[in-house]
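The following exercises concern cavities and cysteines. Please study the sequence and the structure before reading each solution.

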Amino acid sequence: MEEVCEGKDYSFPKQEESILEFWDKINAFETQLKLTEHLPEYIFYDGPPFATGLPHYGHILTGTIKDVVTRYQTMTGHHVTRRFGWDCHGVPVEHEIDTKLGIRSKSDVLAMGIGNYNEECRSIVTRYVGEWEKIVKRTGRWIDFKNDYKTMDLKYMESVWWVFAKLYEKGLVYRGFKVMPYSTGLKTPLSNFEANLNYKEVPDPEIMVSFPVVGDPHNASFVAWTTTPWTLPSNLALCVNANLVYVKVRSKSTGSTYVVAESRMSQLPKEKVKAGGIPNGSVVEMTNSKSNSKGSSTGKSKTSSDDSSYELLEKVPGSSLVGWKYVPLFEYFEEFSDVAFRVVADNYVTDDSGTGIVHCAPAFGEDDYRVCLENQIIKKGADLIVAVDDDGCFTEKVSGFKGRYVKDADKDIISAVKEKGRLVKQGSFTHSYPFCWRSDTPLIYRAVPSWFVAVEKLKDQLLENNKQTYWVPDFVKEKRFHNWLENARDWAVSRSRFWGTPLPVWISEDGEEKEVMDSIEKLEELSGEKVTDLHRHKIDHITIKSKRGPNFGVLRRVDDVFDCWFESGSMPYAYIHYPFENAELFESNFPGHFVAEGLDQTRGWFYTLMVLSTGLFGKPAFRNLICNGLVLAEDGKKMSKRLKNYPSPSEVLNDYGADALRLYLTSSPVVRAEPLRFRKDGVYGVVKDVFLPWYNAYRFLVQNIKRLEIEGSGPYIPVAQRTLENSCNVLDQWINSATQSLVHFVRQEMDAYRLYTVVPYLLKFLDNLTNVYVRFNRKRLKGRTGEDDCRTALSTLYHVLLTSCKAMAPFTPFFTEVLYQNLRKVYPGAPESIHHCSFPQEEGKREERIEQSVSRMMTIIDLARNIRERHNKPLKTPLREMVVVHPDKDFLDDIAGKLREYVLEELNIRLLVPCNDPLKYASLRAEPDFSALGKRLGKSMGVVAKEVKAMSQEDILAFERNGEVTIATNSLRLTDIKVIREFKRPDNMTEKDIDAAGDGDVLVVMDLRPDESLFEAGVAREVVNRIQKLRKKTGLEPTDVVEVYFKLLDKDVSTLQQVLDSQEHYIRDAIGSSLLGHELVPPHAVILSEETFHGISNLSFTITLARTALVFDFDAMLKLYEGHSKFAQGLQVYLLSRDSCNLKSEFQAGNGKIRVDCLENQPAVEVVLGEHVFLSVGDYYLSTRTAVGC
């Protein structure tokens, strides 16, 4: 294995770039696909983004989720094809070209030529493909860009034709007029789900308009309220609710007579007579207001009118008004006079806004269109006159406002109404209004001819298919998506645009003959022309002869193209050119196994996938789905390039690396469809809290393996996993069990697609690995308990790191690869990349008892530290005794047995006493958990709470033993009652003498009284602490071997010398070598650092750190040369010139002996280690101690 640098010198971003080069070099992704091609397929559908913009954090998030899942599925035994896709058609592309070329209307495109326009569109589709590939690759996502799919590809478009044709065959396609949300900015209708993407709070005019009743004896007028004055020129009817009561009232001040709903009479203007009077038809201004504010026509306030302002003439049910005729406001539609300008009734009219009378313009309102159709005011077909063109401007039909943009014409229309004496009341109000999600222009509702998929026919089956899918989080499926399906409407799939997949429908001039193409072959066969491109400018000229004969002309293609959502919804079939190719692959694996996108796709891609698969096959398109939330800027606002309120992805990747960004995103609430406020500091937190501890544990392993190879008996080979399972060391048993629990948990959560639970569990595991296993096992890992025990500990750490790397490889592909590439060097036959490995299996049994005991041990240590901190007792100060109180005998046996030494050493206490009597040191009381019981018990809560609080100590103990208790006929469990343990201090003891801390499970009691017998141990701790600090200050690594020298500075050295003698074993154990007297420093020693300390437990001393130095027995060396001192000195010089590691290896190879025959003019001699030379002062010191029997 190779040496590794310090954590502070390790650059995560640079190492990731090296791994990218390594993956390219070995074709890692392609090799993975090759290695798994014989395994069962796991079908992943990748929703196509538009390549006309750069990727942002939302794309990185969904890409990471997809990558984690598909990597995991590959490692668990599947073949996962991953092809990137591009959404190439539709409004986003056309909008860019329109902006670039200054195109304002459809006529501009026709003048330019559809072919030229479409080729302009084609030219920008792949503009940012390179940038996308660079970012996607840099984030560690493995996906095939070379074999990508594009919705503008010939094969893809042909499959889209097939989807439409099949739906047509099933009677699920029809052509008709429909009032739809319409973008005047894009000059196209939008789907209902698109219309819901961009709502804004905006002010709009609100007016009341009078419509005189024909032949009314009181000259009464109906009063209708509207917020869209531009629709008034197209008015054809008034609508009431047959079940409401309407009144005819006359203004006492003006004589004006109005008909409104009785409950809305308060909205009529309150008119006061001024000097000279006010003429009939006067206008009252409405106060600018919010839609639900006082004075608004949308509330039920009575501030605008009262009973004294109007005289009641008549009260009638709404049903009696049906058929009444009224005088039209404008004369633009006078040809409809025979059937229009009359009152109709429908329940969509309510009395919670307006006047209870709605004006109907069937071309501009969904309900208006339906009501007028049902009442034969209009008929299905071409007679519906839409007086607004594709650009949102009035046509010649409305001659008075011809060419005016409708929203701009509002003020002039209001003025015209006023001039006619028909304006009753006017004002403005602020409300939530839909805007185009692409052009950011206000939407209007407009009747358009379109081709529809009859979604409403499929509603029941859609709801049933939704039940068959698994979503994370499930509330999105059960609520948001279910509700959307519940209210699904027929889907307009055609657009009057140019750059898209053309509808495959050819129609005769008389409309009687239709041909729907399901393939290129069919078109070629019927037309006799060769087809190589399906875009409009390549096929619009193609005609088909009528089957009825030449007298009936030819069939021509309809002008429309598909909504791009229809194309992306066809992705499961089109990306593999089904059914023309890959039929077996598709049919054996449909529905697909997995999709993932953002929350907005519940009304977008998820919806279209479900509609088309249900219409085609009666099945859902997917089985499993992860829905993520939105990534927002740190201030909670939408990320904005203009506001620069977020760091660029490249900046974060360059600073902290992709793995940190991946873990930050996948561990956040955004993976369960909640919003995330992106913080760059949060990504740094992942580096600090996850990767650096993980790296340090790995580095510690490598350092000690290298040390063992130098000091031990040869190259390191890890002990087999099966052998390690039989280790007698409790922490080996624990970490092996904890690793199996990690594997079990990650498998369990990944199989359930809960990515967000994995990272917190990993954090806890790494914390346990570094702060429990490595920390408590340092002596073993450093070889201080013997080479065999060291190899066992190192092998345990090796296998734990290797297994955890494999388990985390899907989440952190770079870092795990870095570690694996070094770890595999001592693992013959290991796959070339960690991503070619199988996911770990649960091997061996999990020791739940020991896992729980170690967890409780760490709780005990934390509680004891808290007690020390409260009483200002640092860990360096030894304490006499600690009592651990818990009713579980097995745990107490563990803590007083296997785990005892770790607790004593970590907390610096001399005695640990287990106690299973919970009442010896604590009194118990019970409190009901109101949050858990409140809703469940209702009115019984008071009685139950009183009895719970009255439970005796014995009652509480029995409750804990049994796990439940019945109180006032209610069965309560452990989660319903909080058991509070309050420390009961022994008599004649103060808080300074003894104190306790607990967590509701275990209680720790510490004896804090000073004890002179512990003085020497305390001083020894202080000395060790200063040595460790000096090592760190000098820049030494934990594995660096040095000699430590100690010099006493006090006149009376007896006290400190006594401490050093009595605590020698502890000090040697703690610093890994003997503490040597300063007089032993050899003249050739290399001093690394030296520091003097005063006032440490009232003592003063100097500590010196030096490189290990050879020590010679000169008398023994003289004997080698029969007293020839010059030869002995020459041998010393030679040995001092040698590399100490190589010298040590030679002595090991020669069983403690080496032959020196290379010295010129000196005889060859055999040098014996421990007789003629010692490799360190410490070795020499220990040999002299042994010789004198110390």
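**Exercise 1.** Determine how many cavities of 30 Å³ or more there are, and state the space in the largest cavity.

*Solution.* Step 1: in this predicted model, the count comes to six cavities of 30 Å³ or more. Step 2: the largest cavity holds about 90 Å³ of space.

**Exercise 2.** Describe the lining of the largest cavity by residue, by element and by residue class.

*Solution.* Step 1: the residues that line the largest cavity are Gly 90, Val 91, Glu 94, Glu 194, Arg 495, Arg 497, Trp 499, Val 561, Phe 562, Asp 563 and Cys 564. Step 2: at least two residues of this lining come from α4 (91-101), and at least two from β24 (561-562). Step 3: by class, the lining comprises five nonpolar, one polar and five charged residues.

**Exercise 3.** Establish how many disulfides the whole structure contains, and examine Cys 564.

*Solution.* Step 1: a disulfide is a covalent bond between the sulfur atoms of two cysteines. Step 2: a search of the whole structure gives zero disulfides. Step 3: Cys 564 takes part in no disulfide, and the nearest cysteine sulfur, in Cys 88, is 11 Å away. Step 4: Cys 564, a residue of the cavity lining, is buried, with a relative accessible area of 9%.

**Exercise 4.** Explain why the sulfur of Cys 627 forms no bond with the closest cysteine sulfur, and decide whether Cys 627 is buried or exposed.

*Solution.* Step 1: the closest cysteine sulfur to that of Cys 627 belongs to Cys 564, at 19 Å. Step 2: a disulfide requires the two sulfur atoms to be within 2.5 Å, so 19 Å is too far for a bond. Step 3: Cys 627 has a relative accessible area of 0% and is therefore buried.

Technical notes:
Residues numbered from 1 in each chain as written. Predicted model: local features only at pLDDT ≥ 70, side-chain atom pairs only at ≥ 80, totals over all residues. Heavy atoms only, no water. Buried < 20%, exposed > 50% of the residue type's maximum accessible area, 1.4 Å probe, protein only. 1 Å grid on protein atoms, 1.4 Å probe; cavity = no way out; pocket = protein on both sides within 12 Å on 5 of 7 lines; lining within 4 Å. Points joined across faces, edges and corners; volume = space filled by probe spheres on them. Helix = DSSP H or I, 4+ residues; strand = E, 2+ residues; numbered from the N terminus. Nonpolar A, V, L, I, M, F, W, Y, C, P; charged D, E, K, R; others polar.
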